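Ready for a couple of hands-on exercises? Open the structure and work along, one step at a time.

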Amino acid sequence: MAYERDLEFIYSNPTKITYREKCVEDAGVEVSELGCSKAFLVTDQGVVEAGLAERVQKALGAKLVGTFDECCQDSGYHIVEKAAEIARENGADCLVSVGGGSVIDTVKAMSQLVKSGGKLADYEGAQILTEPQTPQVAIPTNAGTGAEVTNVAVIKDWDRHLKQFFVSPYIAPNVAILDPTLTAGLPPMLTAITGMDALTHAVEGMVDAPAEPLVDGLCLHAIRLIMKNLPVCVENGDDMLARGQQMLAATIAGIAFSNSQAGLVHTIAHTAGGLFGVPHGLGNSIMLPHVMMFNLEDAADKYAMIAEAMGIDVRGMSDMEAGEAAANAIMEFTKKLGVPQKLSEAGVPEDGLEQLAEQAMSDGTIIYNPRIVMDSSEVMELLKKAW
Ligand SMILES: [Fe+2]
């Protein structure tokens, strides 16, 4: 059993979580409770067009001092710096993000510049900050990234074509407002791939977490919720019960992931996103079963627990057999969700695989994969299978 060894860990979840249908209406109250009165809203065009930004603007009322709506998929340094400058000009004392992971991460990165000044490049890496930054309220409009509760911002460096990490407990949102009605209009494919990001957090989160007694429980419950509710959300986006359960699953997996380490699935998804613009959840969805097979010997005990949580009858199976069954079941699951199965369908050119394999070796997450990756040829083999 995995826990029969000396344990040593720190576990933390600094974010207050509020959950209820239509609780987005409490955004202004949450800003006040943080001791703030000048909220700056950050979002993207899609959220504006869906009428969701307006709901938050209304809720903020007189506390709203400005809105920035130029975020995009894989938000870049220039966007973070521009938005932070406008927030400072408007005298913002609180940042409110409304959107997917990219918007929420943009605001995490901004919180450093609004409070402490300088250029975003000054804060690259882990544990650079020594004190709390500008308070943030995160309002997710999809159910996947868990960004509303994590202590990391991933921002794309458009010049270098790679994704850069900013890791600190001081950039985790202070409050996460989980309102499933905000996800009602999310199209089936986006629902599916963001949901698969959450499933990936739950699976990868389990295999390299010092705080495993806490993290495993969160991950396993997130997996159960996702297996049951994600197909319903994809089938019928108006099912608020399923939307709510999926939203909670994503947040639960996010809390776990924030107390764990990413592995090779995220390594490849980050790199494929940086090089070829592959959406994060799609990259994860395609790579997850392949990486599970790659890791099988080193993570079989955890994968067997995952298989059980997925509803597979593991009686009589060895851990290796159960782990393999889990990987196969995930592939079947994504097929049924209608998610593309191959990197070739996700915009990765065949002649780009070599570069992808090589660049993946320098992504910060690769060292945490349970099976040590010796060189890029091993990644290349995996990519060929997934292409
Ligand atoms: Fe992710």
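**Exercise 1: The iron site**

The site of the iron ion is irregular, with angles of 83 to 167 degrees among its four donor atoms. Four donors would count as tetrahedral if all angles lay between 85 and 135 degrees, or as square planar if opposite donors were over 155 degrees apart and all others between 65 and 115. A quick note first: this is a predicted model, where local features need pLDDT of at least 70, side-chain atom pairs count only at 80 or more, and totals for chains, interfaces and linings use all residues. Residues are numbered from 1 along each chain as its sequence is written, and side-chain values use heavy atoms, leaving out hydrogens and water.

Task: find which residues are the protein donors of the iron ion.

Step 1. Look for N, O and S atoms within 2.8 Å of the metal (3.2 Å for Na, K and Ca); water is not among the atoms, so sites may look incomplete.

Step 2. You get Asp197 (OD), His201 (NE2), His266 (NE2) and His280 (NE2), 2.2 to 2.3 Å from the iron ion.

Step 3. Place a pair: Asp197 and His201 sit four residues apart in helix 6 (residues 188-207), about one turn of the helix. Helices here are DSSP runs of H or I, at least four residues, numbered from the N terminus.

**Exercise 2: Buried or exposed?**

Task: decide whether Asp197 counts as buried or exposed.

Step 1. Buried means under 20% relative accessible area, exposed over 50%, partly exposed in between (1.4 Å probe, protein chains only).

Step 2. Asp197 counts as buried because its relative accessibility is 3%. His201 is buried too, at 3%.

Definitions and conventions:
Tetrahedral: all angles 85-135°; square planar, octahedral: opposite > 155°, others 65-115°. Helix = DSSP H or I, 4+ residues; strand = E, 2+ residues; numbered from the N terminus.
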